[in-house]
Amino acid sequence: MTRWLYRPALAVLALAALTGCGSTVEETVVATTTTSPSTTANRVPATIPPPTTTVDPYAGLPLIDTVRWTENIDGPRLLVFPTVAGRKTAAPGTDELAWREVLALDATADAPGMRDQFLCHWVWARMVAPDKPSWNLEPWRPDVGYQATVSANCNPGGPER
């Protein structure tokens with residue numbers, strides 16, 4: 001009869017010996033998995049295909065259709081009309097290509113702050129208002145840097161009127 005009284009105590013001691021006193025479940029799992037045979041050691045590594053390059057369907061197409069100067073209550077404004085390719089391309093580096101196209105169409109666009117306004121429209125206006133007919137750049141707006149231009153919704157110095 002006393003033999004049956006010791007069985008639960010022996011089971012607890014055996015469990016403590018197998019798992020280690022004070023060990024965590026993670027340690028137990030590690031100890032268990034390191035002692036059991038592993039079938040993954042004999043696996044052939046999976047072949048990972050090389051990354052595919054995405055072809056820009058708009059590559060080589062003009063990004064800017066036309067530019068046109070107008071005058072409004074605040075001063076001069078350059079209206080930049082992007083092409084369909086200019087509105088939809090997502091290829092890296094096309095922002096700078098498009099800016100160079102603007103400058104090729106009208107070199108006077110290279111005024112302080114204008115490039116930041118253009119890049120803001122290229123990145124953000126295309127996303128928020130993809131069908132906006134023109135992107136309006138104003139040389140009279142303060143040159144505050146790209147981040148501040150973005151914070152001002154591409155219109156540093158006041159809202160567009």
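Is Arg141 buried or exposed? Select Arg141 and check: at 2% relative accessibility, Arg141 counts as buried. Keep in mind throughout that this is a predicted model.

**Stop 1: the charged network**

Stay on Arg141 and add Glu138. Their side chains meet in a salt bridge, 2.7 Å from N to O. Glu138 has 0% relative accessibility, so Glu138 counts as buried as well. Now widen the selection to Arg77, Lys132 and Glu160. Together with Glu138 and Arg141, these residues form one network, joined by salt bridges that share partners.

Zoom in on Arg77 and Glu160. They form a salt bridge too, and the closest N and O atoms are 3.9 Å apart. Colour by element of secondary structure here. Arg77 is in strand β2 and Glu160 is in the segment after α6 (146–151), so this pair ties together parts 83 residues apart in sequence. The two ends differ in burial. Arg77 counts as buried because its relative accessibility is 8%. Glu160 counts as partly exposed because its value is 31%.

**Stop 2: Asn72, in contact with Arg77**

From Arg77, move to Asn72. Leaving out residues up to four places away in sequence, Asn72 touches Arg77, Trp140 and Arg161. Asn72 belongs to strand β1. With 18% relative accessibility, Asn72 counts as buried, since the limit for that label is under 20%. Draw a distance from the Asn72 side chain to the backbone nitrogen of Asp74. A polar atom of that side chain lies 3.0 Å from the nitrogen.

**Stop 3: the nonpolar core**

Hide the charged residues. Which residues have the most contacts inside the largest nonpolar core? Select Ile64, Leu78, Val80, Trp99, Val102, Phe118 and Leu137. The whole core has 17 residues. Show the elements around them: β1 (64–72), β2 (75–82), α4 (94–105), α5 (114–128) and β3 (135–137) each supply at least two core residues. Helix α5 gives the most, with five.

Centre on Leu78. Skip its neighbours within four places in sequence. Leu78 is then in contact with Val67, Arg68, Trp69, Val102, Ala109, Met114, Trp135, Asn136 and Leu137.

**Stop 4: the aromatic rings**

Select Trp99, Phe118, Trp122 and Trp135. These four form one aromatic cluster. The structure has four aromatic pairs in total. Take Trp99 with Phe118: the ring centres are 5.3 Å apart and the planes meet at 40°, so the pair is tilted. Trp99 sits in helix α4 and Phe118 in helix α5, so the rings tie together parts 19 residues apart in sequence. Both residues are buried.

Next, pick Trp122 and add Arg126. The charged end of Arg126 sits over the Trp122 ring, 4.0 Å from the ring centre.

**Stop 5: a salt bridge between α4 and α5**

Finish with Glu96 and Arg115. Side chains of opposite charge can pair when their charged atoms come close. Here the two side chains meet in a salt bridge, at 2.3 Å from N to O. Glu96 lies in helix α4 and Arg115 in helix α5, so this pair also ties together parts 19 residues apart in sequence. Switch on the surface. Glu96 counts as partly exposed at 26% relative accessibility. Arg115 counts as partly exposed at 34%. To place the pair in context, display every salt bridge: the structure holds six.

Terms used: Residues numbered from 1 in each chain as written. Predicted model: local features only at pLDDT ≥ 70, side-chain atom pairs only at ≥ 80, totals over all residues. Heavy atoms only, no water. Core = buried A, V, L, I, M, F, W, Y, C linked by side-chain atoms within 4.5 Å. Buried < 20%, exposed > 50% of the residue type's maximum accessible area, 1.4 Å probe, protein only. Helix = DSSP H or I, 4+ residues; strand = E, 2+ residues; numbered from the N terminus. Contact = heavy atoms within 4.5 Å. Polar contact = N/O pair within 3.5 Å; in protein donor to acceptor, adjacent residues only side chain to side chain. Salt bridge = Lys/Arg side-chain N within 4 Å of Asp/Glu carboxyl O. Phe/Tyr/Trp six-rings, centres within 6.5 Å; stacked < 30°, edge-to-face > 60°. Lys NZ or Arg CZ within 6 Å of the ring centre and 35° of its normal.
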